[in-house]
Structure formats: structure tokens, C-alpha cells
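Trainee: Could you take a close look at one buried spot for me and then walk outward from there? I'd like the contacts, the helix packing and any odd backbone geometry in one go.

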Amino acid sequence: MTEKTLEQHTTDLNEDVAAIINAVANLTDEIFNELPHRRGMAGTKNVFGEEQKALDVWTNDVLVEELMKTGVVRTIVSEELGEPLHNPEETGDYVVTLDPLDGSSNIESNNLFGTIVGVHKEKETLTKGKNQVCAFYNLYGPITTLVCATKDGVNEFVKHRKGSTDYFLSRKNMKLKEPGSLMSIGGLPKDWTPAYREFVQEMMDAGKKIRYGGAFVGDFNQILYYGGFFSYPSLVDKPNGKLRLVIEANPMSFIIEAAGGACSNEKGSVLEILPDDPNQRTPIHVGNKDLIKRLEEIHGKY
Ligand code: F6P
Ligand code: MN
């Protein structure tokens, strides 16, 4: 049987959404080839006050240019831009959110990192995550993959290399394994809230295994395979945690729901939050439905 390529798969989607996915996918080789050459700092800070890596800035620029060329993107909200970037002609029906290189602190240590994209067909720049029509991420791992979700499901495509530039469908209609076995938790344990401590203790007692790599894409990706949960919780001195609602939490929450899982900000679904700032942070928990339900039950007691 001939394997289906990403490009063939996207012909079943709306052609504008297909153009957005392919614009990012077609840059994979260029980005991948650049990785070993730009591991240093850019000498600038992003709007979050974080030191930008040379790769963060470069990857943002190539992705923004290619996405704007599709002609279907009206606005890009990117971690590296500070403010939303509007297409000067004000054409295009889509708002694309971009974390060009998620987990970029892993660049120097050569651990996983990737690109996270959310796609909204909305007039407003900021809308609820549940309004996304598609979300996907690229994982520049030992094996490069693109995991793409629409409301109809989640599929993984693998970049074959060996001379081929295509992505091939490698896992179809992915669903979280039951029961989930992993927990992947960010934030210093000393800063966890009492409610979160109780939840983690219960999960440890239930035999969940800890695996944390320090990049949302990589840590999320393993949950998609083994089940369990990823958390970057609210912290005692940072009630909104660390991760960004619009560019990180929303796309991944959309993907987890399409894989049969759930997401939470400790009170309710992340996808129901109406953002008032493109850069706002949120506590984020994604994983198997029963685990996320239990997390909310425990937080409700405090
Ligand atoms: O983009 C922010 C990020 O790098 C995520 O990819 C990752 O989940 C998190 O921060 C890691 O944070 P920490 O270094 O606190 O574990
Ligand atoms: Mn990130």
C-alpha cells in the first residue's frame, strides 16, 4: 500500500487551512538544517523578558514570511513578536498563533524542541481556544514529526528523509491510552500549591511515572503516546504559571481534546478562556479525561 503524504492528507481539508499547514511543513528542512548553526543567543529579549536565542528569532522570521505569503493569514500572534502582526492588506480569514521554537532552552543541551501552531478562522485577533479549526506541532526530534489535529481527529506524520522531502502519515486518529501512565510536571516542586501537591501525591501513589524533558512539545508528545498528564501548574508566587495561553496552551489543549483527552486551568477548560492579552499566561494541565477531572476535584476542595 502506498503511504499517504501530508500534502495528500491536507487535500481533504479546507484549502486555506491546508495552505497554512503546508507553509509550515515545507520549512521543516530549512529549519532542521539550521539547528546546529545557531545555538547561541540573539542578544535581544522577547516581550516576556526572556533572552532570545538566535534560532528563536530566525525561525520566527522564516515562518512569518512563509505564512504571510499564503495570502490567507490576516494576523500572526507569535511569542517572538510582542504584538500581533497584521497583514498590511488586511486580507485573509485566518489568525495563526505561533510558538516558533518551543522549548528553546533545550537548544544548547540538544534536547527536544519544536514549533506550535494554532489556526483560528475569526475576525477578532483574540478568541477562545475552542474556536480553533486546526492546531499542529512539529517536533524536531531524533525523528521529525508533525502532529496535526482538526475536530475530526489527530494524525501524526513522519518525515522520512533518506532523500525524500515528504511527511508520511504514520499514526492515524490517535487516541490517548487508558489508563495513562506518565506525569510530566513543570515548575519547582517547592512552589507547587497544596492542592497540586495533593494531586501529584495521589498520582504517584497510583503508580504514575515521572518523565519531564523541559519542552512542552516533547513532553506533550509523550503523553499522546503513553497517556497520563502534562502540567505547568499555578505556582505559589505565580498564580498563572508559566505557559502562554494563546500560543502554547490553546493549540495543545485543542489537540488533546481531539485525541479524547481534556485540558484544565485548575478551574475549567482552557479552551473556554477568552484572552484579553496575546501574551497572558495560564496554568495548564492536559491529559486523560479521568485524571484532569480528578485534578479539578482536588483543586475544588481548597
Ligand atoms: O516555552 C516555554 C517552555 O520552554 C515550555 O516549552 C516548557 O514546557 C517550559 O517552558 C519549561 O519550563 P521549565 O524550564 O520551568 O521546566
Ligand atoms: Mn514555548
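Mentor: Start with the side chain of Asn106, which reaches the backbone oxygen of Leu112 at 2.8 Å. Keep in mind that this is a predicted model. Asn106 sits in helix H5, which covers residues 106-109. With a relative accessible area of 6%, Asn106 falls under the 20% cut-off and so counts as buried. Look past the neighbours within four places in sequence and you'll find Asn106 in contact with Asn111, Leu112 and Phe113, and also with Gly213, Gly214 and Ala215. Leu112 therefore turns up twice around Asn106, as a partner through its backbone oxygen and in the contact list. Not everything is close by, though: 26 Å separates the C-alpha atoms of Asn106 and Lys162, which are 56 residues apart along the chain.

Another buried side chain to check is His9, in helix H1 (residues 6-10). His9 has a relative accessible area of 14%, which makes it buried. Not counting residues up to four places away in sequence, His9 touches Lys4, Asn155 and Phe157.

Now for the helix packing. Helix H2 (residues 15-25) packs against helix H4 (residues 54-69) at an angle of about 150°, and their axes are 9 Å apart. Angles over 145 degrees count as roughly antiparallel, so that is the label for H2 and H4. H2 passes H4 in a right-handed crossing. On the H2 side the contact is made by Ile20, Ala23 and Val24, and on the H4 side by Leu63, Glu66 and Leu67. Sorted by class, this contact of H2 with H4 has five nonpolar residues, no polar ones and one charged. As for the spacing of such residues, those three or four places apart point the same way, because an α-helix has 3.6 residues a turn.

The other pair to look at is helix H6 (residues 194-205) with helix H9 (residues 289-301), where the axes are 9 Å apart and the packing angle is about 140°. That angle makes H6 oblique to H9. H6 passes H9 in a right-handed crossing. From H6, the residues involved are Ala195, Tyr196, Glu198, Phe199, Glu202 and Met203, and they meet Leu291, Arg294, Leu295, Ile298, His299 and Lys301 in H9. By class, the contact of H6 with H9 has seven nonpolar, one polar and four charged residues.

Helix H8 (residues 245-258) is worth a look for its burial: 13 of its 14 residues are buried, so H8 is largely enclosed by the rest of the structure. Just after H8 comes Gly260, with a positive phi of about 90°.

That brings us to the odd backbone geometry. Most residues other than glycine have a negative phi, and most peptide bonds are trans. Glu266 is not a glycine, yet its phi is positive, at about 90°. You'll find Glu266 in the loop between strand S14 (262-264) and strand S15 (284-287), and with a relative accessible area of 11% Glu266 is buried. Glu90 isn't a glycine either and has a positive phi of about 55°. Glu90 lies in the loop between strand S4 (85-86) and strand S5 (94-102), but at 65% relative accessibility Glu90 counts as exposed. Finally, the peptide bond from Glu178 to Pro179 is cis, with omega near -10°. Pro179 belongs to the loop between strand S10 (164-171) and strand S11 (182-185).

Definitions and conventions: Residues numbered from 1 in each chain as written. Chains lettered and ligands numbered in written order. Predicted model: local features only at pLDDT ≥ 70, side-chain atom pairs only at ≥ 80, totals over all residues. Heavy atoms only, no water. Axes fitted to C-alpha atoms, helices over the stretch in contact; angles between N-to-C directions. Helix = DSSP H or I, 4+ residues; strand = E, 2+ residues; numbered from the N terminus. Parallel < 35°, antiparallel > 145°, perpendicular 65-115°, else oblique. Left-handed = near helix turned anticlockwise from the far one by under 90°. Contact = heavy atoms within 4.5 Å. Nonpolar A, V, L, I, M, F, W, Y, C, P; charged D, E, K, R; others polar. Buried < 20%, exposed > 50% of the residue type's maximum accessible area, 1.4 Å probe, protein only. Polar contact = N/O pair within 3.5 Å; in protein donor to acceptor, adjacent residues only side chain to side chain.
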